[in-house]
Amino acid sequence: MDLKRVVVTGIGALTPLGNSVSEYWHGLIHGVSGANPITLFDASKFKTRFACELKNFEPTDFLDRKESRKIDRFTQTALVCSDEAVKNAGISKETVNPDRVGVIFSSGIGGLITFQQEVTEFAKGDGTPRFNPFFIPKMILDIAAGQISMRHGFRGPNYAVVSACASSTHAIMDAFNLIRLGKADIILAGGSESVIKEAGVGGFNAMKALSERNDDPQTASRPFDKDRDGFVIGEGAGMLVMESLEHAIARGANIVCEIAGAGATADAHHITAPHPEGLGAKNVMFATLEDAGMKPEDIDYINVHGTSTPLGDISEVKAIQAVFGDHAYNLNISSTKSMTGHLLGAAGVIEAIACVLAVKNDIVPPTINHFTDDEGLDPKLNFTFWKAQKRTVRAALSNTFGFGGHNASVIIKKYSV
């Protein structure tokens with residue numbers, strides 16, 4: 001069958017670098033770190049006392065106070081992000097067929113803040129069950145997709161995808177496939193996460209996953225640096241408004257770029273550690289290129305998963321070299337997690353947005369916080385250290401990998417008739 005082409009017509013972003021797409025992009029290309037001491041709870045006794053929190057974000061600036069109390073912070077950010085994306089795309093339930101507009105919106109963990117608060121309050125009591133009636137609806141991670149659809153009146157396919165840190169890339173992939181199969185005209189795809197709370201930070205600390213560079217938080221996220229010691233946890237949300245090309249043209253939409261292909265694989269190796277040779281990462285990049293009908297030489301930029309963990313960074317680079325061969329030396333590679341931190345279930349979409357903007361503006365955002373070369377990494381590769389680089393970006397590949405061995409990638413390319 002003939003598959004429909006899929007384009008991006010709107011973007012929304014709420015990140016540690018800013019509360020809009022423009023603020024996010026400005027922070028990226030200027031190499032700004034979003035890391036600071038934690039303010040969302042007292043972290044003084046924790047091994048890690050910093051994170052990439054949202055800045056100056058007050059939900060009631062955007063949402064009704066009464067309604068905002070009924071939803072977890074991860075859903076609050078999702079709704080705010082959706083407002084920007086929908087406005088950016090120029091759509092509403094009055095201007096498009098709402099039955100043909102879907103929402104596939106993900107989270108890696110969901111309402112952890114709500115869960116912690118409710119269980120803590122119960123544990124303080126005498127055993128009498130006194131739970132908030134919104135406890136379950138606030139906590140379940142599919143509720144963000146549902147709330148977005150209710151806010152905007154869109155009645156098409158609606159669900160969440162869960163694959164840890166690959167979640168929102170899988171959401172983009174599902175949206176891409178449903179649209180090109182003709183199951184929807186438009187899908188709002190993305191993800192949100194907000195777990196900077198005792199349970200979230202403490203849990204990742206117990207796994208020894210987080211950086212403990214408390215003396216200098218802004219340089220703590222160090223992808224590809226010899227002295228990297230773990231990732232920096234972040235929070236936020238991102239959304240792409242994805243649309244069939246024919247529908248976008250018919251309504252005179254502003255087409256930002258095209259989604260060329262997507263892929264998904266599993267490591268089948270370990271619950272948290274990547275395959276040492278990057279087997280799953282290699283397979284997912286091959287699968288994504290094949291899905292797009294593209295060759296390795298067609299890619300100019302890779303936004304890597306690049307979490308700043310000792311094992312992950314090396315295995316991903318091995319996979320890139322296996323897939324791209326000599327062309328790897330012509331690529332720009334960067335990890336925007338060096339600036340945003342790791343947004344877990346929202347990481348994939350905000351990094352896909354970085355690729356969208358790189359393709360649109362022909363600028364590659366940098367990898368900051370590089371101080372010491374890692375002898376395990378090929379020094380001839382261009383990791384775009386410290387400064388953004390101008391170059392023609394015909395197509396960009398975004399990689400995301402999640403605990404459990406979940407891998408997902410998407411290719412974003414310039415739109416042409």
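**Exercise 1. Phe231 and its ring partner**

Task: Decide whether Phe231 is buried or exposed in this predicted model.

Solution:
- Take the relative accessible area of Phe231, which is 4%.
- Buried means under 20%.
- Phe231 is therefore buried.

Task: Classify the aromatic pair of Phe204 and Phe231.

Solution:
- The ring centres lie 5.4 Å apart. Pairing requires centres within 6.5 Å.
- The planes stand at 75°. Over 60 degrees counts as edge-to-face.
- The pair is therefore edge-to-face.
- Now place the two residues. Phe204 sits in helix α8 (residues 198-206), and Phe231 lies in the loop between α8 and β7.
- They are 27 residues apart, so the pair links distant parts of the chain.
- Check the cover on Phe204. Its relative accessibility is 10%, so Phe204 counts as buried too.

**Exercise 2. A second ring pair**

Task: Work out how the rings of Phe57 and Phe62 are arranged, and how each residue is covered.

Solution:
- A search of the whole structure gives ten aromatic pairs. Phe57 and Phe62 form one of them, with 6.0 Å centre to centre and 20° between the planes.
- Planes under 30 degrees apart count as stacked. This pair is stacked.
- Phe57 has a relative accessible area of 11%, so Phe57 is buried.
- Phe62 has 38%, so Phe62 is partly exposed.
- Elsewhere, Phe115, Phe122, Phe131 and Phe135 form one aromatic cluster.

**Exercise 3. Strand β6**

Task: Find how many residues of β6 are buried, and on which sides they lie.

Solution:
- Count first. Eight of the eight residues in β6 are buried.
- In a regular strand, side chains alternate between the two faces of the sheet.
- Sort the residues by side. Ile186, Leu188, Gly190 and Ser192 lie on one side. Ile187, Ala189, Gly191 and Glu193 lie on the other.
- Both faces of β6 are covered.

Task: Name the strands that pair with β6, and give the sense of each pairing.

Solution:
- β4 (residues 101-106) pairs with β6 in the parallel sense, over six bridges. Within this pairing, Ile104 has Ala189 as its bridge partner.
- β7 (residues 236-244) pairs with β6 in the antiparallel sense, over eight bridges. Here Ile187 stands opposite Met242.

**Exercise 4. A nonpolar patch**

Task: Locate Leu181 and explain why it counts as partly exposed.

Solution:
- Leu181 is in the loop between α7 (167-180) and β6 (186-193).
- Its relative accessibility is 40%, so Leu181 counts as partly exposed.
- Leu181 joins Met1 and Leu3 in a nonpolar surface patch of about 340 Å².

Key. Residues numbered from 1 in each chain as written. Predicted model: local features only at pLDDT ≥ 70, side-chain atom pairs only at ≥ 80, totals over all residues. Heavy atoms only, no water. Patch = residues over 30% accessible without salt bridge, like charges linked within 9 Å, V, L, I, M, F, W, Y side chains within 5 Å. Areas by Shrake-Rupley, 256 points an atom, 1.4 Å probe, with all protein chains shown as cover. Salt bridge = Lys/Arg side-chain N within 4 Å of Asp/Glu carboxyl O. Helix = DSSP H or I, 4+ residues; strand = E, 2+ residues; numbered from the N terminus. Buried < 20%, exposed > 50% of the residue type's maximum accessible area, 1.4 Å probe, protein only. Pairing = 2+ DSSP bridges.
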